[in-house]
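Colleague: Can you take me through this one? I'd like to start with the aromatic rings.

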Amino acid sequence: MMEWLEMGGYAAYVWPVFGIALIFVIVVALTPRFQHKRLIEALRIELEIESEN
């Protein structure tokens, strides 16, 4: 098992890159959700402003 984790001596290079890639994938997956929430809130505010006029 340890040989697999050591990646043939390249673990110092492989695991940090793997971690960075994982963080990137999570950010890319979550960004649309936050953008959607901001868009819905902006539209709600705009509708409220228009209904007051």
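Modeller: What follows covers the aromatic pairs, then two single residues. This is a predicted model, in which local features need pLDDT of at least 70, side-chain atom pairs count only at pLDDT 80 or more, and totals for chains, interfaces and linings use all residues. Residues are numbered from 1 along each chain as its sequence is written, and side-chain values use heavy atoms, with hydrogens and water left out.

Colleague: How many aromatic pairs does the structure hold?

Modeller: Two. Rings of Phe, Tyr and Trp (its six-membered ring) pair if their centres lie within 6.5 Å; planes under 30 degrees apart are stacked, over 60 edge-to-face, the rest tilted. Tryptophan 4 and tryptophan 15 are edge-to-face, at 5.9 Å centre to centre and 65° between the planes.

Colleague: Which helices do tryptophan 4 and tryptophan 15 lie in?

Modeller: Tryptophan 4 is in helix α1 and tryptophan 15 in helix α2, so the pair ties together parts 11 residues apart in sequence. Helices are DSSP runs of H or I, at least four residues, numbered from the N terminus.

Colleague: And the other pair, what is its geometry?

Modeller: Tryptophan 15 and phenylalanine 18 are edge-to-face too, with 5.6 Å centre to centre and 85° between the planes. Ring pairs thus link Trp4, Trp15 and Phe18 into a cluster.

Colleague: Is tryptophan 4 buried or exposed?

Modeller: Exposed, at 53% relative accessible area. Buried means under 20%, exposed over 50%, partly exposed in between (1.4 Å probe, protein chains only).

Colleague: New topic: where is methionine 7 found?

Modeller: In the loop between α1 (2–6) and α2. Its phi is near 55°, a positive value in a residue other than glycine.

Notes. Helices (H or I, at least four residues) and strands (E, at least two) are DSSP runs, numbered from the N terminus.
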